[in-house]
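Open the model in your viewer and switch to a cartoon view. The tour goes from strands to side chains.

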Amino acid sequence: MSNSSSSASLSSRSGDHLPHPVIPKRERTLSQCERALQSPSYEGVITEFCREKGHGYIQPKDNPSQQIFAHVSDIDDDYVPRVGDSVSFKKMLMPPKNEKTMAVHIKLLHLSEGVKHESWEEAVEHDMEHRRPSKIGSIPSIQETADNGDHVQHVASHKSCLTHID
């Protein structure tokens, strides 16, 4: 499988589709994956991570002044990383220019204490419960009032049915 720019992830900006600069794990070539697996392991601490945006940064123990980019697709663990978590990772050059490094094969070593950690499954459930459709007016919907007085709006689309509770 070749990895051309046409097979890179696409992101939407003002309706235009541009290739995403980070090649997710599932789209890396076999040689890129092999090189990452053969590279040495490092340890560090999560300094920033936004689950909604899908990325964050790791501060390596061997170079505290450096911040290494971490993409959600490279986390090999059951929990969403939080600030202060200790992790192990491998480094890989970040395409397309291969000038900066990114963390891959990220594994949580020690969860920071006093911080609630959620599994990826819990995070998705939380997002679905709190999702608000962006264009309610353009999608057919049914409005109801629940027994407890909450306003409930059922939104129907061709793929699924979302429920919005005020």
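In what order do the five strands close into a barrel? The order is S3-S4-S5-S7-S6, and the pairing is mixed. Keep in mind that this is a predicted model. Look at how the strands cross: neighbours in this sheet are turned by 50° against each other on average, direction ignored.

**Stop 1: S3 and S4.** Select residues 41-50, which form strand S3. Add S4, residues 55-60. S3 and S4 pair in the antiparallel sense, over six bridges. For one place to zoom in, pick Val 45: Gln 59 in S4 stands opposite.

**Stop 2: the ring pair.** Stay on S4 and show the side chain of Tyr 57. Then select Phe 69 in strand S5, residues 68-71. Tyr 57 and Phe 69 are 12 residues apart, and their pair links distant parts of the chain. How are the two rings of Tyr 57 and Phe 69 arranged? Their centres lie 6.0 Å apart and their planes meet at 75°. Edge-to-face requires over 60 degrees, so this pair is edge-to-face. A search of the whole structure finds two aromatic pairs.

Now colour by accessibility. Is Phe 69 buried or exposed? Phe 69 counts as buried, at 13% relative accessibility. Its partner Tyr 57 has 27%. The cut-off for buried is under 20%, so Tyr 57 counts as partly exposed.

**Stop 3: a charge over a ring.** Select Tyr 42 and Lys 91. What sits over the ring of Tyr 42? The charged end of Lys 91 does, 4.3 Å from the ring centre.

Technical notes. Residues are numbered from 1 along each chain as its sequence is written. This is a predicted model: local features need pLDDT of at least 70, side-chain atom pairs count only at pLDDT 80 or more; totals for chains, interfaces and linings use all residues. Side-chain values use heavy atoms; hydrogens and water are left out. Rings of Phe, Tyr and Trp (its six-membered ring) pair if their centres lie within 6.5 Å; planes under 30 degrees apart count as stacked, over 60 as edge-to-face and the rest as tilted. Helices (H or I, at least four residues) and strands (E, at least two) are DSSP runs, numbered from the N terminus. Buried means under 20% relative accessible area, exposed over 50%, partly exposed in between (1.4 Å probe, protein chains only). A charge sits over a ring if NZ of Lys or CZ of Arg is within 6 Å of the ring centre and within 35 degrees of the ring normal. Two strands pair if DSSP finds at least two bridges between them. Axes are lines fitted to C-alpha atoms, for helices over the stretch in contact, and angles run from 0 to 180 degrees between N-to-C directions.
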